[in-house]
Amino acid sequence: MQTTLLISSRKDPAGSLIHEELCKLLEKDDFATPFIRHLHASERLIYLDGPSLPNDADRIIFLSRHASERPRPVLTVHVTGNFGTADYGGEPGTLTAAATNLMHALLNRLFIHAPEGYEVMYEATHHGPTSLLLPSCFIELGSTETEWNDRNAAGAVARAVLDAISMDISDVIPMAGFGGTHYAQRQTEISRLTRGGFGHIMPTRDIPHLDGEMFQKIISLSGAKAVYIDGKSMSGKEERMIAGLAGQKGVPVLGQGDLVQMKNLSFHDYMAIRSLADSLVNGSSVVIHNLEIIDSPASISIPGGLVDEVMKVASEEFFSALDPLPVAHLTGRGRACHPVFITNASFSAKITDELIHLCVILLQDRYTCSFDGDFLIISKSRFDPARAKSFGIPPGPLYSELMAGKPVKSGDLLVYPEMVMTETEKRIYVPQRQAR
């Protein structure tokens, strides 16, 4: 368990109240006590000098008030630094090391403990101190004196802190964020729903300060394995510039869909799957099913015609049947499901057989199917308007009756559905060993 230095300022009523509530919790449950250091600073937190702070810890959590020009009850988490000028402490153009994984835990515990009426969110990087020697983050209670003195809210923050510092946070995917407003709503939503956690977040207004050197600082001091770009909040030129910097530095760009699909896979395994998917169908998206470990990703293929026929009549059943299988399917580029799949090499043959068998079963439920050697023959019946017309049946409601399988009268003649149907056959090559 890492040792955490908790710092509050005597000049800050909210930070002091949070610290007080934390101490009360530790009196009742002292499990974490040996791993916590306390400091009540006499200076405002944004102006602290990092080298003068105690160094007998692994990380710092600053307990602080939050102030805003548009006050509202809010609980926030962010790391310190300045992309441009230093208007609120620290040095200009200087960032600090983020306790990224811990921030993810803090944010999600705030969602659990927040009192009714309080919003929870990340803030963009925006103030000092910047001379810190340890990874750190702020957790704040705001935005007016009413909230700063709200003991219930302070207690909620204290509980979130105590929970977070005791948690295993090794499965968080550390990221850096670009775009959005000061209150990073998109990044907050991503961290609430996925394992993606953010260190430094550069809002759209600060993108003019971004160059290769600043980009590298953001990545390294966030410990980021990937970046998220809120493209809707910026110009296309800005988005391309950030994506270009990521490409130059070899840092992948992940969207919320990627992080949702990652599920319990390691970052390394997911990126191996995504890389293989790009090589199979460039520009496709990956949908992960019950695939949690993949030491040797392999692609498998099944007849394209088979997949196409299933997508026409049983797509939902097909995808539901994939859920328990250790497999990923590819979508996009105009297709709901491509006929190539990704699984672990050790059971690729078995999964290939299961997928083909699944397709055949779904088609047999809807059509007359038979085999001619290694060819699946799908016999389809479709309503033929020309045949209906030959029996004197005009277009309109009677067509609908026939297509619904009901006989209709044309004068004195009773016309049955099979009398106005045309039979077609489709042959698809399917090795019988795999189909059964």
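**Exercise 1: Met175**

Find the strand that holds Met175, then decide whether this residue is buried or exposed.

*Solution.* Start with the secondary structure: Met175 sits in strand β9, which covers residues 173–178. Keep in mind that this is a predicted model. Next, check the accessibility. Buried means under 20% relative accessible area. Met175 has 0% relative accessibility, so it counts as buried.

Now look at who surrounds it. Setting aside residues up to four places away in sequence, Met175 touches a long list of partners, including Thr100, Gly196, Phe198, Ala226, Tyr228 and Leu259. Finally, try a distance: Leu221 is 46 residues from Met175 along the chain, and their C-alpha atoms are 10 Å apart.

**Exercise 2: Thr3**

Work out where Thr3 lies relative to β1, and which residues it contacts.

*Solution.* First, place it: Thr3 belongs to the segment before β1, a strand that spans 4–9. Second, use the accessibility: at 13%, Thr3 counts as buried, because the cut-off is under 20%. Third, list the contacts. Ignoring neighbours within four places in sequence, Thr3 meets Phe35, Arg37, Asp56, Ala57, Asp58 and Arg59.

**Exercise 3: Cysteines**

Count the disulfides, and explain why Cys369 has no bond to its closest cysteine.

*Solution.* The rule to apply is that two cysteine sulfur atoms must be within 2.5 Å. By that rule, you get zero disulfides. Take Cys359: its nearest cysteine sulfur belongs to Cys337 and is 7.9 Å away, and Cys359 is in no disulfide. Then take Cys369: the closest cysteine sulfur is in Cys359, 11 Å off, which is too far for a bond.

What about burial? Cys359 has 0% relative accessibility and so counts as buried. Cys369, at 18%, counts as buried too.

**Exercise 4: Two helices**

Describe how helices α10 and α11 cross, and sort the residues of their contact by class.

*Solution.* Step one is the geometry. Helix α10 runs over residues 304–313 and helix α11 over residues 315–322; their axes come within 6 Å and cross at roughly 110°. Step two is naming the arrangement: angles of 65 to 115 degrees count as roughly perpendicular, so α10 is roughly perpendicular to α11.

Step three is finding the residues that make the contact. From α10 you have Val310, Met311 and Val313, while α11 supplies Ser315, Phe318 and Phe319. Step four is the sorting: the contact has five nonpolar residues, one polar residue and no charged ones.

Terms used: Residues are numbered from 1 along each chain as its sequence is written. This is a predicted model: local features need pLDDT of at least 70, side-chain atom pairs count only at pLDDT 80 or more; totals for chains, interfaces and linings use all residues. Side-chain values use heavy atoms; hydrogens and water are left out. Helices (H or I, at least four residues) and strands (E, at least two) are DSSP runs, numbered from the N terminus. Buried means under 20% relative accessible area, exposed over 50%, partly exposed in between (1.4 Å probe, protein chains only). Contact means heavy atoms within 4.5 Å. Axes are lines fitted to C-alpha atoms, for helices over the stretch in contact, and angles run from 0 to 180 degrees between N-to-C directions. Angles under 35 degrees count as roughly parallel, over 145 as roughly antiparallel, 65 to 115 as roughly perpendicular and the rest as oblique. Ala, Val, Leu, Ile, Met, Phe, Trp, Tyr, Cys and Pro count as nonpolar, Asp, Glu, Lys and Arg as charged, and the others, Gly among them, as polar.
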